[in-house]
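Please open the model in a viewer and keep the sequence panel visible. The tour below proceeds by selection, stating at each stop what is to be found there.

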Amino acid sequence: MATRAAVREPVFERGFKSWCENTAESLRRKLGKRTHEPLCPFELAKALQVEVWEFAAVEGLSQEAASHLTSQAGDEWSAVTVHTEGSLIVVLNPRHSAARKSSDLMHELAHVIREHAPASMVASEAGFMLRTYDELQEAEADWLAASLLLPRVALAYCQARQIPSEQLLLDYGVSQQMLKYRMGVTGINRQFRQGRA
C-alpha cells in the first residue's frame, strides 16, 4: 500500500539511483517510446500484467467499510496491491486526483519491478488491522516511481526546450509537488540556472 508518511532519509544501495534512471529509459524503449517521452503508469501496468481496478469493482466489503474508504476519513490510503493466485491487482483510492492516482499506481508498480516482498496485514488486539511494511522498500518504491514518471533525461529535454511547467504537468500527468521535487533532486534546476547565467 502506498503511503506518504515522512521518514528519515533512506540509505540506498550503491548505484540504486542510477539504476532507477536506466530502468526508466529502458522501460520506455521496450514500450516503443523515446527516453524523454511520458510513461503512462496504466500503460506500464498493462505491460507488467498488473490489473488496475476501480474501487467499485472490489467485492466483499461491507457498506460501512466501503463508505469509510471512499470518504474524507478514508483519505489515509492511496493504493493497495492484492496478490492473488497468478495475478496482481492494484486498487486506487477513487477520491484522489488524476496526478495522485498516477503517482500512487507508479509507486505500486515500482514495488513489482523491484520484486519487493508484499506487506502483510496483522490483526491487533483491539480488533483492527495493522499493515506491516519495510521502510527501505517504501523509500525505494517512492524513488523509482518518481524516476519513472519524470526521469532526469526527460526533465533535461523539457528544460532545454523551455517547455512551460504547466505543459509539463499535463504531458507527464504529475503534480506540481512531484515536478518541483524531481527538478531539485536531479539537479536539473541548478544545471539550467547555471547554464543560463
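**First stop: Ser147**

Select Ser147, which is found in helix α5 (residues 135-149). Helices here are DSSP runs of H or I with at least four residues, strands are runs of E with at least two, and both are numbered from the N terminus. The model is a predicted one, in which local features need pLDDT of at least 70 and side-chain atom pairs count only at pLDDT 80 or more, while totals for chains, interfaces and linings use all residues. Residues are numbered from 1 along each chain as its sequence is written, and side-chain values use heavy atoms, with hydrogens and water left out.

Is Ser147 buried or exposed? Its relative accessibility is 0%, so Ser147 counts as buried. The term buried denotes under 20% relative accessible area, exposed over 50%, and partly exposed in between, with a 1.4 Å probe and protein chains only.

Display the polar contacts of this residue: the side chain of Ser147 reaches the backbone oxygen of Trp143 at 2.9 Å. A polar contact is a pair of N or O atoms within 3.5 Å; within protein, one must be able to donate a hydrogen and the other to accept it, and residues adjacent in sequence count only if both atoms are side-chain atoms.

Next, show the surroundings of Ser147. When neighbours within four places in sequence are left aside, Ser147 is in contact (heavy atoms within 4.5 Å) with Cys20, Glu21, Ala24 and Arg182. Of these partners, Cys20 is itself buried, with a relative accessible area of 0%.

**Second stop: the cysteines**

Keep Cys20 selected and add Cys158, which is buried at a relative accessible area of 3%. How many disulfides does the count come to? With a disulfide taken as a pair of cysteine sulfur atoms within 2.5 Å, the count comes to zero.

**Third stop: helix α8**

Arg182, another contact of Ser147, leads to helix α8 (residues 176-185), whose buried residues are Met178, Leu179, Arg182 and Met183. Look down the axis of α8: these buried residues fall within an arc of 130°, so they line one face of the helix. The arc is that of the directions from the helix axis to the C-beta atoms. As a general point, an α-helix has 3.6 residues a turn, so residues three or four places apart point the same way. Turn to the face of α8 directed away from the buried side, where the exposed residues Gln177 and Lys180 are carried. After α8 comes Gly187, with a positive phi near 80°.

**Fourth stop: salt bridges**

The structure holds seven salt bridges, each defined as a side-chain nitrogen of Lys or Arg within 4 Å of a carboxyl oxygen of Asp or Glu. Return to α5 and select Glu140, whose side chain meets that of Arg114 in a salt bridge (3.1 Å, N to O). Glu140 lies in helix α5 and Arg114 in helix α4 (residues 98-114), so the pair ties together parts that are 26 residues apart in sequence. Glu140 is buried, with a relative accessible area of 6%. Add Glu13 to the selection: salt bridges with shared partners join Glu13, Arg114 and Glu140 into one network.

Move on to Glu43 and Lys33, whose side chains form a salt bridge (3.3 Å, N to O). Glu43 belongs to helix α2 (residues 41-47) and Lys33 to the loop between α1 (16-30) and α2, so this pair ties together parts 10 residues apart in sequence. Glu43 is partly exposed, at a relative accessible area of 31%.

Then select Glu37 and Arg34, another salt-bridged pair (3.4 Å, N to O). Glu37 counts as partly exposed at 23% relative accessibility, whereas Arg34 counts as exposed at 53%.

**Fifth stop: strand β3**

Select residues 87-92, strand β3: five of its six residues are buried, so the strand is largely enclosed by the rest of the structure. Strands pair if DSSP finds at least two bridges between them. Strand β1 (residues 50-53) pairs with β3 in the parallel sense over four bridges, and Val50 stands opposite Leu88. Strand β2 (residues 79-84) pairs with β3 in the antiparallel sense over six bridges, with Thr81 and Val90 as bridge partners. Two residues separate the strands in the hairpin of β2 and β3, where Gly86 takes a positive phi near 75°.

**Last stop: the whole chain**

Finally, select everything: the protein has nine helices and five strands. Buried residues make up 38% of the 197 residues. Among contacts with a separation of 6 or more, 66% are between residues 24 or more positions apart.
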